[in-house]
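Dear colleague,

I am passing on to you the structure that follows, and would be glad if you kept it open while reading the notes underneath.

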Amino acid sequence: MIRRMASSRGPLGWAGTAVGRAPLLVVAVLLAVTGVLGVFASQREVSGALELFATDSALSRDQTLVEDRFGGAATDSRVQIVFDAGNADVIGVEPVAAAARVTNALLASPEVAPHLADVEFPVVSFATPIFEAFERVEPVPIDPLQAPGYAVDEGARRALATAEGAPAVALYSRDLDLDGARARAGLLLVNFDPDLDPATARAAAQAVVDVVDGVDTTGVRVLPFNRTVLQREIAAATAAELPVLFAAGLGVIALILAFNYRTLSDVVIGLAGLGVAVVWMFGVAVLLGPRYLGVSGPFTTVSNIAPVVFLGLGIDDAIQLTTRYREHQAAGLTPRTAARRALVAVGGAIVLTSATTILGFVTNYSSPIPSIQDFGLFTAIGQLAATTIMLLLVPSVRNLLDTRRAARRRRIPAEPLALTRLVARASGLALRLPVLTILVAVALTAAGFAVSSRIPAQFDRRDFLPRGSDVRDAITLLESEFGGDRNEQTYLLLRGPLATPAAAAALLGAEAALSGDPAVRPGQDGTPDVRSIAGLVADVAADPRTRAEAARLGWEGDGVAADADVAGLYALAARAEPLRAGEVLDGDARGVLRLSTAAGQRGALGLRDRLEDAAGPLRAAGLDVTVVSRPLVNDETNAALTASGSRSIVLALGAALLLLTVYFGLRVRRPVLGLLTMTAAVFVVGMVLGTMYLTGIPYNGLTVTVAAIAVGVGVTFAIHMTYRTVQEVDRGAGVDDAVRAAVQSTGAALASSGAATVAGFGALTISSLLPLQQFGIVSSLSILYAIAGAVMVLPAVLAVWGRRRLRPRPSPGGPPDQAPTLELAAAVLAAARAGDRDPSRFQVRLEWAALVRALPDPPRGVQQAVLGDGGVRLLLVDGRPVEAVVTRGGGGAAPDLDGVPGLELLLPPAHLPAGGVVDDVELDGDVLVLSGRVAAERSTPDRVAPGR
């Protein structure tokens, strides 16, 4: 009778049993889960909202408040359209005609016209003064669409020289030559009703883009821009990037797998596992997103590339499993047993390395930036999915395929790959000069951490747009030719008693002081665009229709009386100008002083300081004042990126150290190995930081996560090295030999998985988005540093420490020269004597570790303890039991094990109770369970002779 069992203890044991006994069921369950999650994955949406890159701070919340409350859709209430003539002249026949056609089309569009502002010129352009000049030509006005070149030039010179046309100068690029009537570019502004709700404003902005796309603009490049346009372009670029990058990564990984495996089926299994993992990640992420549980936000440029990130990391698991499966097949095991034992043997290391990688990802959840939080969460989900799928899919499918086509099984190539030999040589150098290797590593690591504080942070909205994009070029032209985004608004957010004479006087004084600030833009009337409720009261009081009422309420000439009814004055202004009042006042206790500014990102902090100085009288009047603008939020984001990078490094290193220390302490009772293993990860992080500094790659929404990823990757390779080194030492090898054996035995898998991981990250370098390129470069280098840390730095550390400290564990099971058959025979006899229910039956459970420790030498080759003509055969791979069978032989001859590392224990009838025989054996994990029949008791033999 023959019975075989995988370990039934723990999840890996259960999984091993499943992939060995029911692989088809395992595959079916995986497909079913994939189908369910695929339904949710299909609902994935990508957002280009830059607010997702802002911190959840008081400043960010105040910015959201002023954009939502004061002016409806705020920066969505205007679309800027850049007319770029390039090296030509925008004051020409074709550009002016194009401006006329665009203006007429917008005014006639049913999707745009109803939402335009109720002003004389809701659509105003650089050519508007020229059109007005054409209308005044006598006796016949000139048609802008048919105007000759000389008329355009002359009309521009005359119109822009008048007081009425002077404000239009701001709609021309900085190189405007009034005398020559020349300029490179001009602006067309589409102003919406400021009271539109955000959704309607966004729809109207998109309608403007659609209208412009349908107009003939020959001779000039027309570039619409506002926040809605920007976000849509970012979302579109992000969605378009992922399939290309993912396909590129898969293609390179497929080539690496084909070179390593040389079998199509192994390549397909690995790639299929990655595809399933992506579906799982997207499905779970959608479930956690705003449409369902609301735990995470929508996909962004950062979180959308999560599949590419774990592309290379996920294939590592498939490579490790396939390599170990082939080792078992080469040892002569059946596909069923090889699949089961591959999962159990390498699953622990895979789970541990996956846990450290997930910890690295999860540390990004500590970032105050929502998009980085989601990136950490999604990549952790993806890594967990990839590990689960690979552990179950690879051995199951291999079991199914090889069981049906056993004659076509292929063994692992005996000749190591060239990269494997190179890895072995590198580790050999580290073992010959370990102290020097450690000193060099310490110096490089220290230098990297020393310069990490000098790595700049950069948050530029253009980085999220592909090069050559119309929106990207529009932003560049606005900044270079027009002094920045025309929609830039800076606010003094006011909280407190606004309806007091002191507050109103302070607001009027602040308006006058800030009107002369160089960063303040002029409005359409040519005066500085600084607005508050007090300034609106002044305008209303100057109107003959409301002058008397304002005077009655306490308005005196150019200010308010000490006893003025300020609340009444505000109410009067709101009745007379409800839209303008809604842009600056929200009840009696909240309002804004708003400025149209051209400070940009570089001048934001300087402007804030000047506004803080001007806010002194407002605070003296009892108001709480906060300076708010989108550039200030971006600056805060940059500071948060730097802090987030430092924090994630500390958290990732600390979490990985704790996990490894606990693991090695519990698993092999050597917690210090966790600290030693972490040296490789610290080396990787230091090298990554140094590389970012030397190459000028800044912290951005993606590269800020690299250090945490580097910890996970660095620990992953190091764990395999430490784990295998300890195994070799416990089998009796010296430290140097153990390290060499670890490199040689894991070299192929390490080199292949490292190359595959580099390929996965390297695919990002072909992206058209700068942050993705930089992330791909640094991540790929971190993999190379991880390999160097695992095969050079860590072996040197283990050698220096282990030559004095690392020794095989002493045997607690008895003296080393005790043959296991003595223990086995005595245990069988004791079981027979103590038979409870049926004295003719016995069962013995023997711990495998005790049997191994009782052998004269560790089971490194074929070993037998021969006692007679019947017994138990144990088949080992890497010193671990993988199969146990009852053997029946004659004359004490041992069965031929075909060179497979094995141990055979034979129990003769003479040494068992009379008529006793072992007829059933189970291998329950590391426990050997023997059952037999006994007829009568016999004495224990005097001698049991072990044989080799």
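Below is a description of what was found, going from the whole chain to the cores, the salt bridges and one surface patch.

Please bear in mind throughout that this is a predicted model. The protein chain has 948 residues, 56% of which count as buried, and its secondary structure consists of 29 helices and 17 strands. Among the contacts with a separation of 6 or more, 79% are made by residues 24 or more positions apart. The accessible surface of the chain is about 37600 Å², and carbon and sulfur atoms account for 58% of that area.

Turning to the interior, the largest nonpolar core holds 191 residues, and the members that touch the most others are I81, F83, L106, V190, F192 and F775. The element that contributes most to this core is helix α27 (residues 770-805), which supplies 15 residues. If the neighbours of F775 within four places in sequence are set aside, its contacts include I305, V309 and F375, as well as L702, V706, I709, F761 and L764. Separate from this core is a second one of 55 residues, with L514, V520, V530 and L593 among them.

The salt bridges number 19, and a few of them deserve a closer description. D89 and R182 are paired through their side chains at 4.0 Å, N to O; because D89 sits in the loop between β1 (78-84) and α4 (93-108), and R182 in the loop between α6 (149-161) and β3 (185-191), the pair ties together parts that are 93 residues apart in sequence. Of these two partners, D89 counts as buried at 14% relative accessibility, whereas R182, at 44%, counts as partly exposed.

A second pair joins D470 to R221, with 2.7 Å between the closest N and O atoms. Here D470 belongs to helix α15 (residues 470-481) and R221 to strand β4 (residues 221-225), so the parts tied together are 249 residues apart in sequence. D470 is partly exposed, with a relative accessible area of 40%, and R221 likewise counts as partly exposed, at 32%. There is also a network of salt bridges that links D266, R326, R398 and D402.

Finally, on the surface, Y292, L293, V295, V362 and Y365 form a nonpolar patch whose accessible area together is about 470 Å². L293, one of its members, is located in the loop between α9 (264-288) and α10 (306-330), and L293 counts as exposed because its relative accessible area is 60%, where the cut-off for exposed is over 50%.

With best regards

Key. Residues numbered from 1 in each chain as written. Predicted model: local features only at pLDDT ≥ 70, side-chain atom pairs only at ≥ 80, totals over all residues. Heavy atoms only, no water. Helix = DSSP H or I, 4+ residues; strand = E, 2+ residues; numbered from the N terminus. Buried < 20%, exposed > 50% of the residue type's maximum accessible area, 1.4 Å probe, protein only. Contact = heavy atoms within 4.5 Å. Areas by Shrake-Rupley, 256 points an atom, 1.4 Å probe, with all protein chains shown as cover. Patch = residues over 30% accessible without salt bridge, like charges linked within 9 Å, V, L, I, M, F, W, Y side chains within 5 Å. Core = buried A, V, L, I, M, F, W, Y, C linked by side-chain atoms within 4.5 Å.
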